[in-house]
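This note was prepared for a colleague who wishes to read the structure alongside a written commentary. Please consult the sequence and the coordinates while going through the points.

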Amino acid sequence: MKYLDEFNDPQLARRLLDEIRATVTRPWALMEVCGGQTHSIIRHGIDQLLPEEVELIHGPGCPVCVTPLECIDKALEIAARPDVIFCSFGDMLRVPGTDRDLFRVRGAGGDVRVVYSPLDALQLARRHPDKQVVFFAIGFETTAPANAMAVHQAKRLGLANFTLLVSHVRVPPAIEAIMTAPACRVQGFLAAGHVCSVMGMAEYPELAERHRVPVVVTGFEPLDILEGIRRTVGQLERGEHRVENAYARAVRADGNPAAIRMIEEVFEVTDRNWRGIGRIPGSGWRLSEAYRDFDAEHRFDVTGIRTEEPAECRAGEVLQGLIKPTDCAAFGTSCTPRTPLGATMVSSEGACAAYYLYRRMSEPALPREEMNPVG
Ligand code: SF4
């Protein structure tokens with residue numbers, strides 16, 4: 001397939017691996033930020049092909065995985081109301097809340113619908129003026145522009161029955177939190193190419209300089225990832241810590257200015273809890289004051305929610321790169337994609353799901369709507 005096969009070429013992959021082997025002289029630990037990159041690495045066995053000096057640590061860039069439990073529980077409570085049509089990307093339906101998931105709410109009669117765009121939810125709101133339509137607006141910088149556009153349109157149309165339940169997160173504060181954690185072993189980052197295609201690269205030079213860590217903007221195909229690793233290892237061996245763009249076919253230095261303007265029009269930066277990790281200052285977006293009427297948390301009274309994570313789930317350590325999924329005792333036993341204890345086993349970008357799907361292969365693939373990536 002044109003534009004994809006070129007980035008899977010085995011001969012070019014061997015050449016890049018040879019260059020990495022020829023460059024590396026000592027151990028380095030690199031973090032791929034995005035869960036999509038983690039899946040590509042595990043699926044293609046890239047971590048097993050690298051010289052043993054190069055370790056890949058899986059980062060927290062899985063939007064479904066880091067959506068906080070209290071937000072999932074709020075979604076469950078809103079979705080169960082009889083006057084609500086609750087819309088979400090497919091991944092979120094199986095994510096366990098404290099005592100159920102959105103599939104169970106749907107099974108109990110809740111009107112929970114999988115959509116492929118927030119604009120689909122907007123159309124539902126126009127078609128069902130007697131219902132409150134709520135869209136579960138989660139994700140990183142990649143999904144924020146379309147979500148911002150949906151609520152911008154809703155305001156322009158004067159729709160009084162459309163709201164977002166917002167749990168947006170931002171990558172640069174997460175990198176800051178990773179680098180300042182006492183147990184941090186990360187020496188270089190493969191930054192998420194799709195995030196940078198929206199936001200550009202302006203937020204990274206200061207981080208790279210202050211933490212003296214190379215940041216290489218990297219894509220998702222096998223050759224993209226090997227090229228990102230080659231450049232990061234090269235910088236580390238030379239004692240450099242620069243921001244480089246290894247995904248120039250999709251990323252411009254200034255990103256997508258129209259998308260950034262739309263985000264800034266609708267959202268404002270806020271502190272955000274990351275599931276399994278905790279509160280990271282300035283790491284999220286919420287609707288700004290001008291759009292507060294479209295905030296589902298304000299429209300529905302969902303305060304007083306008490307949450308409880310399963311004690312055996314170690315997803316927080318997985319998301320911080322402190323352990324591999326296979327280090328969790330529940331992996332593949334009490335926790336599988338069909339019986340997930342944590343969100344990292346559910347999501348199409350979750351590290352636990354990646355290890356299960358590509359290193360065990362013992363369960364049939366999940367239905368397509370359950371594996372819809374939200375970026
Ligand atoms: S394998 Fe399951 S229980 Fe263990 S960390 Fe991953 S999601 Fe949590």
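The numbered points below go from the whole protein to individual elements and residues.

1. Confidence. The model is a predicted one. Its mean pLDDT is 92, and 95% of the residues of the protein reach 70 or more. Residues 362-375 stand apart from this, with a pLDDT below 50. In the model, this stretch nevertheless has 32 contacts beyond near neighbours in sequence; I would ask that these contacts be read together with that pLDDT.

2. Overall form. The protein contains 16 helices and eleven strands. Its radius of gyration is 20 Å, close to the 21 Å that the globule rule gives for 375 residues, so the protein is as compact as a globular protein of that length. The C-alpha trace spans about 65 × 45 × 45 Å along its principal axes.

3. Burial and contacts. Of the 375 residues, 51% count as buried. Among contacts with a separation of 6 or more, 78% are made by residues 24 or more positions apart.

4. Ligand surroundings. Which residues are closest to the ligand? They are C313, C328, C335, G342 and C352, within a shell of 16 residues that surround the ligand. By class, this shell comprises twelve nonpolar, two polar and two charged residues.

5. C328. This residue, one of the closest to the ligand, is located in the loop between α15 (315-319) and α16 (351-359). C328 counts as buried because it has 24 C-beta neighbours inside 10 Å, where the cut-off is 20 or more. C313 is 15 residues away from C328 in sequence, and their C-alpha atoms are 7.5 Å apart in space. Setting aside neighbours within four places in sequence, C328 is in contact with R314 and I323.

6. C62. A second cysteine to inspect is C62, placed in the loop between β2 (54-61) and α4 (63-66). Is C62 buried or exposed? It counts as buried, since 36 C-beta neighbours lie inside 10 Å. When residues up to four places away in sequence are not counted, C62 touches G35, T344, S347, E349 and G350. G219 lies 157 residues from C62 along the chain, and the C-alpha atoms of the two are separated by 15 Å.

7. Helix α12. This helix covers residues 222-238, 17 residues in number. From its first C-alpha to its last, α12 reaches 24 Å, close to the 24 Å expected at 1.5 Å a residue. α12 is mostly covered, with 13 of its 17 residues buried. The residue that follows α12 is G239, whose phi is positive, near 75°.

8. Helix α5. Residues 69-79 form α5, which is also mostly covered: eight of its eleven residues are buried. The buried residues are L69, C71, I72, K74, A75, L76, I78 and A79. What covers them includes the strands β3 (84-88), β4 (111-114), β5 (132-139) and β6 (162-169), together with the helices α6 (102-107) and α14 (296-299).

9. R212. The backbone of R212 merits a look, for its phi is near 50°, a positive value in a residue other than glycine. R212 belongs to the loop between α11 (204-211) and β8 (215-218). R212 is exposed, because 11 other C-beta atoms lie within 10 Å and the cut-off for exposed is 12 or fewer.

Technical notes:
Residues numbered from 1 in each chain as written. Predicted model: local features only at pLDDT ≥ 70, side-chain atom pairs only at ≥ 80, totals over all residues. Near = placed C-beta within 6 Å. Nonpolar A, V, L, I, M, F, W, Y, C, P; charged D, E, K, R; others polar. pLDDT = per-residue confidence, 0-100. Contact = placed C-beta atoms within 7 Å. Helix = DSSP H or I, 4+ residues; strand = E, 2+ residues; numbered from the N terminus. Rg over C-alpha atoms; globule rule 2.2 N^0.38 Å. Expected span 1.5 Å × (residues − 1).
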